[in-house]
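Here is a friendly briefing to read with the structure open beside you. Take a moment to turn the model around, then follow the topics below one by one.

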Amino acid sequence: MHSNLQTIASGLVAILTTGALGDSSKDPCAKISELSKQTGSGAEVSPQLAAECLISMPFESNKAVAFVDEYAKYLEFQSDLEILAKPPASYLSNRVDLRAGLQGIRSAAAQGSYSSQYEFDSDISDLINSANDGHLSATLCSLQAFTFEAPGLILTSLSTDGVTPPQLYLTEDAMRLAAGAENVSPVAYINGVGAVSTVESQAWLQLLQDPDARYNQLVNNLLVDGSGADIGASFTVDSVWRGIDSYNLTFANQTTTSFEVVAVVADGFDYASGSELYEGLCGTAVATQSPEKRSPTTTTPLPSSSAVVNPSSTFTPPPKTYPVPIMREKHNLVVGYYPEEPGLEDVAVLGVPTFETETDTLDAMVQFAEVANYFVGNATKDGKKKIIIDVQNNGGGVVDSGFALFSIFFPNETLYSSTRFRAHDAMNFMGTIFNAGDNPDNSTIEATGLTVNDLVKPDQESTFKDWAELFGPYKAGGVPSSAVVAEFDFADDANPFNNPINTDGLGGDLNATTPPFAPEDIIVLTDGRCSSTCTIFTDHMVSKGVSTVALGGRPRPDPMQAIGGIKGSQVLDLSYIDSYSSMAVSQLNQSIAAGKPLLSKENITRFAEVMPIPLADFPLKFGGGTINYRNTYTKDNDQIPTQFVYEAATCHLFYTPKTVTSPAASWALAANATWGSGSCVGGVQPDTSLGSQSLDDSSNSADSDSNSVSSPGTHRALGLLLALGSGMA
């Protein structure tokens with residue numbers, strides 16, 4: 001069993017075998033089914049009862065071992081496996097060897113160390129999540145049954161003035177503070193452990209790569225985001241029960257309160273036993289086919305840089321608690337304000353809560369860009385001298401929209417983008433097959449993004465002569481990688497009709513030729529949760545001299561990174577890899593049948609060993625997942641992916657009681673600290689160059705062994721979690 005969960009699992013077993021769950025005359029899963037039928041959607045049961053049901057699931061060692069073997073083939077497409085196991089010293093997240101960890105779980109499964117599917121799935125889930133990568137996920141079968149949480153326990157972290165280290169409050173108390181109440185007491189301890197330490201300890205599996213961003217994810221500082229959505233907090237929410245049945249809070253004034261943990265039952269839960277639950281959720285999958293006999297995929301959807309959101313209506317109300325917008329896109333994808341807060345008289349604010357512009361409106365990408373463009377143009381005409389771009393809680397979206405927004409502020413120039421994918425056998429086989437003969441002219445194959453004739457180098461002028469030149473492999477930061485390749489060929493992808501990016505005069509309505517604001521008059525405001533496309537946009541703005549202000553984070557008088565989410569340039573659903581693999585199988589089979597095999601006999605044997613099988617053919621039902629498909633690099637550093645480079649914000653500030661009910665107060669704080677007499681936490685930070693950092697010589701040298709990596713360290717957070725469960729300090 002994975003070492004990080006051994007003690008927790010042992011504690012669960014101890015609870016379940018000491019009679020703590022009461023009457024055992026009826027199967028725990030059957031009890032939950034009855035309660036679920038009586039209550040309907042959102043039924044809640046005790047976490048102990050849910051855990052007893054989960055642990056009663058059987059475990060089939062042979063299927064688990066086969067599952068790991070097949071999932072490992074998909075994981076090879078993760079862009080940063082080697083550097084994640086041996087990151088630079090400045091990297092603030094977990095050092096984790098995903099491949100070694102997965103093999104450790106496989107070994108435990110083969111040796112019969114697991115007694116239930118739930119324990120096995122929990123270990124895989126925790127291993128994957130420990131990478132803190134918002135583009136890396138796996139949907140494990142048994143973890144779909146319950147969500148564990150403590151309803152009502154929502155914390156907010158507030159400073160008195162934005163610079164003094166904040167304290168934790170129940171959100172309802174934070175609202176009282178905002179209303180002017182006095183003698184409101186902060187939370188001092190949770191289950192006998194310091195409240196701040198508790199929140200930090202439970203953040204280790206959050207899918208953000210900066211500890212301050214992870215802290216913000218667990219507390220509720222931003223009650224309503226720029227799209228108008230109510231924002232919760234993840235402090236107590238988990239798909240795995242950690243043995244905590246209640247959170248007992250002690251306030252600074254020595255008063256106490258308690259919140260019980262519950263297991264929220266998945267809709268449609270109807271199982272009479274752990275065996276039925278196993279068959280229903282994990283069941284016997286279709287027998288795995290050999291690669292030679294797999295059928296081809298007939299259609300392949302275009303990969304998106306992020307998941308698609310579909311608003312439930314054709315119109316979304318303006319965000320509550322925010323000022324009245326001057327201009328906005330109808331789903332609040334972009335909203336413009338002229339705030340009236342003191343000190344903001346000559347400041348415009350552009351709220352950009354998301355880059356998810358693939359909505360129910362076909363021209364949403366155009367509307368996003370045009371609304372932003374019109375607002376910025378009107379703001380300058382209306383005498384606004386400065387602008388704040390608020391990207392708090394922006395998890396990314398469509399890369400084109402990020403480049404479009406950047407091009408509004410820095411128009412009519414050649415945009416720079418540089419990415420690499422991880423070079424490994426399966427990728428090489430697919431690229432070799434897809435680029436053979438007339439295959440690149442097949443629109444379905446072309447959609448994979450692996451046909452060389454459709455790719456361009458970062459200079460937007462050079463191309464690759466063949467697949468071998470693109471694939472390499474080249475050593476980049478210790479990772480066997482492709483050559484650097486641009487995110488887009490902007491000459492082809494940017495157009496005035498459905499993708500208005502103002503690059504080299506190809507922006508359509510985005511036809512400005514000079515920047516509307518000087519770089520020193522622009523602030524990008526974040527809460528560290530800026531991820532994916534948001535990071536690409538923000539890094540491009542920073543490269544032009546724009547200031548960043550980061551809000552919230554851990555209560556420390558230190559700098560904070562503005563970008564705390566994954567900086568990878570493309571998330572790829574495993575279903576796409578499934579499709580690409582199936583297409584490669586089909587093309588190879590056709591070439592063999594025609595007597596002109598595209599691979600040598602030796603490589604055909606290797607092909608059969610490494611190509612991923614269809615997700616539907618996994619030995620256990622698998623909900624799939626995602627990987628970070630491509631790393632992002634800068635002009636100054638094409639070796640170290642940007643997610644491994646530390647980049648302090650220009651200014652770090654904390655939320656205050658006033659910002660709880662008035663987002664405009666956050667804008668005033670940022671403006672005053674940047675352009676006025678206000679202060680930043682720890683002072684204003686010097687510029688941090690994304691190109692100035694590198695790995696140590698041993699991990700970056702051309703002849704270093706990229707597989708010789710250290711094992712992942714034990715997470716210190718686990719000891720504190722166990723203390724929380726037992727109430728010990």
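Arg-420 lies over the face of the Tyr-633 ring, 5.3 Å from the ring centre. This is a predicted model, so it is worth keeping that in mind as you read. The points below cover charges over rings, ring pairs, a helix and a small sheet.

**Charges over rings**
- For Arg-420, the ring underneath belongs to Tyr-633.
- Lys-384 sits over the face of Tyr-338, and its distance from the ring centre is 4.7 Å.

**Aromatic pairs**
- How many aromatic pairs does the count come to? The count comes to 29.
- Take Phe-59 and Phe-120: their ring centres are 5.7 Å apart and their planes make 50 degrees. Planes under 30 degrees apart count as stacked and those over 60 as edge-to-face, so this pair is called tilted.
- These two rings connect distant parts of the chain, 61 residues apart. Phe-59 is in the loop between helix H3 (47–55) and helix H4 (61–75), while Phe-120 belongs to helix H7 (residues 117–129).
- Are Phe-59 and Phe-120 buried or exposed? Both are buried.
- Phe-120 also pairs with Tyr-114: the ring centres are 5.7 Å apart and the planes are at 85 degrees, so this pair is edge-to-face. Tyr-114 is buried, as is Phe-120.
- Ring pairs join these residues into a cluster that includes Phe-59, Tyr-114 and Phe-120. Phe-67, Tyr-71, Tyr-74, Phe-618 and Phe-622 belong to the cluster too.

**Helix H3**
- H3 is mostly covered, with eight of its nine residues buried.
- Among the buried residues of H3 are Pro-47, Gln-48, Leu-49 and Ala-50. Ala-51, Cys-53, Leu-54 and Ile-55 are buried as well.

**The three-stranded sheet**
- In which order do the three strands of the open sheet come? The order is S1-S10-S3, and the pairing is antiparallel.
- Strand S1 (44–45) and strand S3 (146–149) are at the edges. Each has a single partner strand, so one side of each has no neighbour in the sheet.
- S3 and strand S10 (residues 262–265) run antiparallel and are joined by four bridges. One of the bridge partners to look for is Val-262 in S10, which is matched with Glu-149.
- Helix H3 packs on this sheet and touches S1, S3 and S10. The direction of H3 makes about 145 degrees with that of S3.

Conventions: Residues are numbered from 1 along each chain as its sequence is written. This is a predicted model: local features need pLDDT of at least 70, side-chain atom pairs count only at pLDDT 80 or more; totals for chains, interfaces and linings use all residues. Side-chain values use heavy atoms; hydrogens and water are left out. Rings of Phe, Tyr and Trp (its six-membered ring) pair if their centres lie within 6.5 Å; planes under 30 degrees apart count as stacked, over 60 as edge-to-face and the rest as tilted. Buried means under 20% relative accessible area, exposed over 50%, partly exposed in between (1.4 Å probe, protein chains only). A charge sits over a ring if NZ of Lys or CZ of Arg is within 6 Å of the ring centre and within 35 degrees of the ring normal. Two strands pair if DSSP finds at least two bridges between them. Contact means heavy atoms within 4.5 Å. Axes are lines fitted to C-alpha atoms, for helices over the stretch in contact, and angles run from 0 to 180 degrees between N-to-C directions.
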